[in-house]
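Open the model in your viewer and keep the sequence panel in view. The stops below are meant to be selected one after another.

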Amino acid sequence: MRFHVLTLFPQMILDGLNTSITGRAIERGILSVEAVNIRDYANNKHMKVDDYPYGGGAGLVMQAAPVCAAYDALAERAGRPLRVVYMTPQGHTFNQQMAQDFAKEEDLVLLCGHYEGIDERALERIVTDHVSIGDYVLTGGELPAMVVIDAVSRLIPGVLHNEMSSETESFENGLLEYPQYTRPEEFEGMRVPQILLSGDHAKVDQWRLEQSVARTKKFRPDLYEKYISKREQAE
Ligand code: ADE
């Protein structure tokens, strides 16, 4: 899968994703992350990409022309229109289901705003999806874009070593993940639950499911309600 990030801070994207699991997947050619500097598409000798908002108000607005030109160069190279995700606190809140949907794309463009946002005409022309990572305001769309890229990447076959681990964990079945333990068997007087040492896989699975359900009920009653009504529908 190829990610293309339209940003005024390309180094931030590359620094954030060229390490750890995404970095390894990039090295192995399973993913690519291209950071396109919108400033490279400025059409004036000062490389200016922002200006004062019409109607007045604080801050600067990113201009439509360089944003559209940066996108057009990508679309032209691909030979087709591309899906463009605009990172904005006004978007739909990102979740695992969206990550799965984005993971089906060959190419995904992430558009990062700064200052007071981007001229609405550019958004109308190129954006297909408006996505927020939560109800708080960040200084720009770069961290949100990295959050989306990370969550989508780990769903691409081969990115995680253990293919199972993206299937069994939190949210994949609408529940939070069960607690995990590793050696030693006793730590500061606290013992690993006996059932995990029993070798009885069916019992372990049953215990883990119970733990997941109990956790979800306690920490995420909203998800628990959904889980219960889905189970009732299935019955
Ligand atoms: N840009 C600024 N804040 C954001 C948020 N919460 N989600 C997505 N993009 C943003």
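Select Leu6 together with Val36: Leu6 in this predicted model stands opposite Val36 of strand β2. Now widen the selection to residues 2-7, which form strand β1, and residues 32-37, which form β2. The two strands run parallel and are joined by six bridges.

Stay on β1 and add residues 107-112, strand β6. This pairing is also parallel, over five bridges. To find one of the contacts in it, pick Arg2, whose bridge partner in β6 is Asp107. Is β1 mostly covered or mostly open? Mostly covered: five of its six residues are buried.

Next, select residues 64-78, helix α3. Put a distance between its end C-alpha atoms and the viewer should give 21 Å. That agrees with the expected span, because 15 residues at 1.5 Å a residue, counted as one less than the number of residues, should cover 21 Å.

Which residues of α3 are buried? Colour Ala64, Pro66, Val67, Cys68, Ala70, Tyr71, Leu74 and Ala75 to see them. As a guide to reading such a pattern, an α-helix has 3.6 residues a turn, so residues three or four places apart point the same way. Then show what covers the buried residues of α3: the elements include β1, β2 and β6 from the earlier stops, as well as β4 (61-62), β5 (84-93) and α5 (120-126). Step just past the helix to Gly79, which takes a positive phi of about 80 degrees.

Return to Cys68 in the helix and select Cys112 with it. Cys68 counts as buried because its relative accessibility is 8%, under the 20% cut-off. Cys112 is buried too, with a relative accessible area of 0%. What separates the sulfur of Cys68 from the closest cysteine sulfur, in Cys112? A gap of 15 Å, which is too far for a bond. Seen from the other end, Cys112 is in no disulfide, and its nearest cysteine sulfur is that of Cys68. The disulfide count for the structure is zero.

For the last stop, select Phe94 and Phe102. The structure holds one aromatic pair, and the rings of Phe94 and Phe102 make it up, with centres 6.4 Å apart. Turn the view until both rings are edge-on: their planes lie at 10 degrees, so the pair is stacked. Both phenylalanines, Phe94 and Phe102, are buried.

Key. Residues numbered from 1 in each chain as written. Predicted model: local features only at pLDDT ≥ 70, side-chain atom pairs only at ≥ 80, totals over all residues. Heavy atoms only, no water. Buried < 20%, exposed > 50% of the residue type's maximum accessible area, 1.4 Å probe, protein only. Helix = DSSP H or I, 4+ residues; strand = E, 2+ residues; numbered from the N terminus. Pairing = 2+ DSSP bridges. Contact = heavy atoms within 4.5 Å. Phe/Tyr/Trp six-rings, centres within 6.5 Å; stacked < 30°, edge-to-face > 60°. Disulfide = S-S within 2.5 Å.
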